[in-house]
Structure formats: C-alpha cells, structure tokens
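Student: I keep getting lost when I look at a whole protein at once. Could you pick one part, look at it closely with me, and then work outwards from there?

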Amino acid sequence: MGLGLGYNEDLMTELALRSDGNHAFIENSQNLAGIFQTEFGDILSVVAQRIRVRVQCAEGVRPVRVLGREADIHGQDVELEMNQIYARQHKYLLLEVEIPEGVADTDAPVATAEVISVNALTGIENRSLTRSVARRVNDPALIANTVNKAVLVEVARAISTEKEALAVKLSDEGRHEEATKAYNAACSWSLSEAKRLASPELEKLGLSQQERLQMFNAGGASANAARKMSKSEDLYNRTQNTLSSKPEVKK
C-alpha cells in the first residue's frame, strides 16, 4: 500500500507483481481501514499455491504473445507461473495465436493446456488438462453470434492497459506530447470497445483514464497522483486480482 504522494510506485508494483499481490494508492489515510480489511481477507483466503500453466500449441499454430502477464514462449510451448489464488478469484492466461488457413466448416486443433497447483489446505498437487479446438467458418453472422464476450472484454482491457502503460513510459522519458497522444489512444480504445461490446466495465475504465489524463496534463502533484493511479490500475489488470472486494484506487 502506498500512502500519500511520496512513495515509490515502481518498487511497489514490482513487489506486488512478484507475489501476485495488490498495490493500492491511498492518498487519504482515512481509507486505510478498508484496504487493510481487504488485504487481510485475501491472506486468509488462499486456496491454491505454486500454480503453473503450460500451453502446448498444436502443429502449425504459432503462439504470438501473452497479453498482460509475463510468460515464457519456447517454440510451440507457453509457460506461466502464479504464486497463489484466493477464494472467489478467477485468473486466466490470454494467449494470442496464429492458426493456419484451412477448409471452411472444419475443426482446427489449437492447443492443450495443463494447470498444476498445490492445494493450500492439504498440500496435495492438483492437475487439470483441457484441449482447445477452433471451428473454421465463412459466415460472419455465425462468428458474431458465437464469440465469447467475456474474453473479448478482458482482451480489450489488457490492450488498453498496455496503451496507458506506454503513456506513462513516454511521460517518464520527457516525451509529453507523445504521452498525451498515447493516453488519448488508451481512452478512445476503452470507450470504443465499451460501446462495441456493451461493457460497463470498459466504459468505467475509459472514463477513469480520461480523468487520469486530465490530472496528467495538470502537472505537479496531480500528475504524480495520476501516475500512481495508473500503476495501481495496471497492476490490478495484469494480475487479475478479481476479488469482489478489489481495493479502489483512492484519490
């Protein structure tokens, strides 16, 4: 938790990333009680530890990148590790792949995914295996009716987070004009995807990005606070700490 404007949000973010924890920016000490309640609740609700995700892409399928999280890609294989998962929490791996062309109305094997974890209560190792198959079709209406909206929303959120992180990086390098353009791009992306997907979550993200952009342009303490808010939001989106009691970014 970062209290006030004087802490190092880069260090806080790195520590939280390495532990799959949270980083909350708290400008007002009156909000400490609620944040502590959330954090201690997290500690007491760990259900799985030492999670390893292994994805083996099918022949001809090329893994391009993992959105949001750090992962290792070696040829057809993708590996990702997480420290723990809390109760009522959902975590995932967003993997972009290229699938070779084929005949319409045929199935294309995509990948096999294995998840290995340790039960936090019993210490027993659990394994689960699943396979993914894509259907090749030429019917745009069928494609539109069968998309997984929840996944598309998370993809849009991850891309928006990348755009805002670029704005922060450009600002740190003193490239203010480019940073402003990157911030605007992040806001526009979030709001356009919110409209396309009818997503209140993306709309909320886009509006919060607009607010941070205004603070960023104001300079001084406001820009400092905006950077800390961006870092906190970026961490939340990258680690997918999706507890219903997600700590709010306090201004």
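Tutor: Sure, let's begin at a turn. In the hairpin made by strands E8 and E9, 5 residues sit between the two strands, and Gly 123 has a positive phi near 80°. Keep in mind as we go that this is a predicted model.

Now for the two strands themselves. E8 covers residues 107-119, and 11 bridges join E8 to E9, with the two running antiparallel. You can follow the pairing residue by residue. Asp 107 has Arg 135 in E9 as its bridge partner. Go along E8 to Ala 113, and you'll find Thr 130 of E9 standing opposite.

Ala 113 is a handy place to pause, since there is a neighbour to meet on E3 as well: Val 55 stands opposite Ala 113. E3 and E8 are joined by 8 bridges and also run antiparallel. If you look along any regular strand, expect the side chains to alternate between the two faces of the sheet.

Let's widen the view to the sheet. How many strands does it have, and in what order? There are 5, forming an open sheet in the order E5-E6-E3-E8-E9, with antiparallel pairing. What happens at the edges? Strand E5 (72-74) and strand E9 (125-135) stand there with a single partner strand each, so one side of each has no neighbour in the sheet. The strands aren't lined up perfectly either: neighbours in this sheet are turned by 20° against each other on average, ignoring direction.

While we're on backbone angles, there is a general rule to know: most residues other than glycine have a negative phi. With that in mind, try Arg 50, which is not a glycine and yet has a positive phi of about 50°. Arg 50 lies in strand E3. Is Arg 50 buried or exposed? Exposed: the relative accessible area of Arg 50 is 55%, and the cut-off for that label is over 50%. Asp 105 is another non-glycine with a positive phi, of about 65°. You'll find Asp 105 in the loop between E7 and E8.

Next, look for empty space. Rolling a probe the size of a water molecule over the atoms shows where such space is left. The largest pocket here has a volume of about 1100 Å³. What lines it? There are 36 lining residues, and Leu 95, Val 97, Val 110, Ser 132 and Val 151 are the ones nearest the centre of the pocket. Our hairpin strands turn up again here. E9 gives the largest share of the lining, 7 residues. E8 supplies at least two residues too, as do E3, E6 (77-86), E7 (94-98), helix H3 (140-146) and helix H4 (149-172). Sorted by class, the lining of the largest pocket has 25 nonpolar, 6 polar and 5 charged residues.

Helix H4 is our bridge from the pocket to the helices. Ala 150 has its place in H4, and Ala 150 is exposed, with 52% relative accessible area. The C-alpha atoms of Ala 150 and Ser 199 are 9.2 Å apart, although the two residues are separated by 49 residues along the chain. Ser 171 is in H4 as well, and at 28% relative accessibility Ser 171 counts as partly exposed. Leaving out residues up to four places away in sequence, Ser 171 touches Ala 179 and Phe 216. The C-alpha atoms of Ser 171 and Arg 227 are separated by 9.4 Å, with their positions 56 residues apart along the chain.

One more helix: Cys 187 is in helix H5, residues 176-197. Is Cys 187 buried or exposed? Buried, with a relative accessible area of 3%. With residues up to four places away in sequence left out, the contacts of Cys 187 are Gly 206, Gln 209 and Gln 210. For Gln 209, the C-alpha atom is 5.7 Å from that of Cys 187, at 22 residues apart along the chain.

Finally, step right back. The protein has 7 helices and 9 strands. Of its 251 residues, 39% count as buried. And if you take the contacts with a separation of 6 or more, 66% of them come from residues 24 or more positions apart.

Notes
Residues are numbered from 1 along each chain as its sequence is written. This is a predicted model: local features need pLDDT of at least 70, side-chain atom pairs count only at pLDDT 80 or more; totals for chains, interfaces and linings use all residues. Side-chain values use heavy atoms; hydrogens and water are left out. Two strands pair if DSSP finds at least two bridges between them. Helices (H or I, at least four residues) and strands (E, at least two) are DSSP runs, numbered from the N terminus. Axes are lines fitted to C-alpha atoms, for helices over the stretch in contact, and angles run from 0 to 180 degrees between N-to-C directions. On a 1 Å grid over the protein atoms alone, a cavity is a set of points where a 1.4 Å probe fits but cannot get out, and a pocket is an open set with protein on both sides within 12 Å along at least five of seven lines; lining residues have an atom within 4 Å of a point. Grid points are joined across faces, edges and corners, and a volume is the space filled by probe spheres set on the points. Ala, Val, Leu, Ile, Met, Phe, Trp, Tyr, Cys and Pro count as nonpolar, Asp, Glu, Lys and Arg as charged, and the others, Gly among them, as polar. Buried means under 20% relative accessible area, exposed over 50%, partly exposed in between (1.4 Å probe, protein chains only). Contact means heavy atoms within 4.5 Å.
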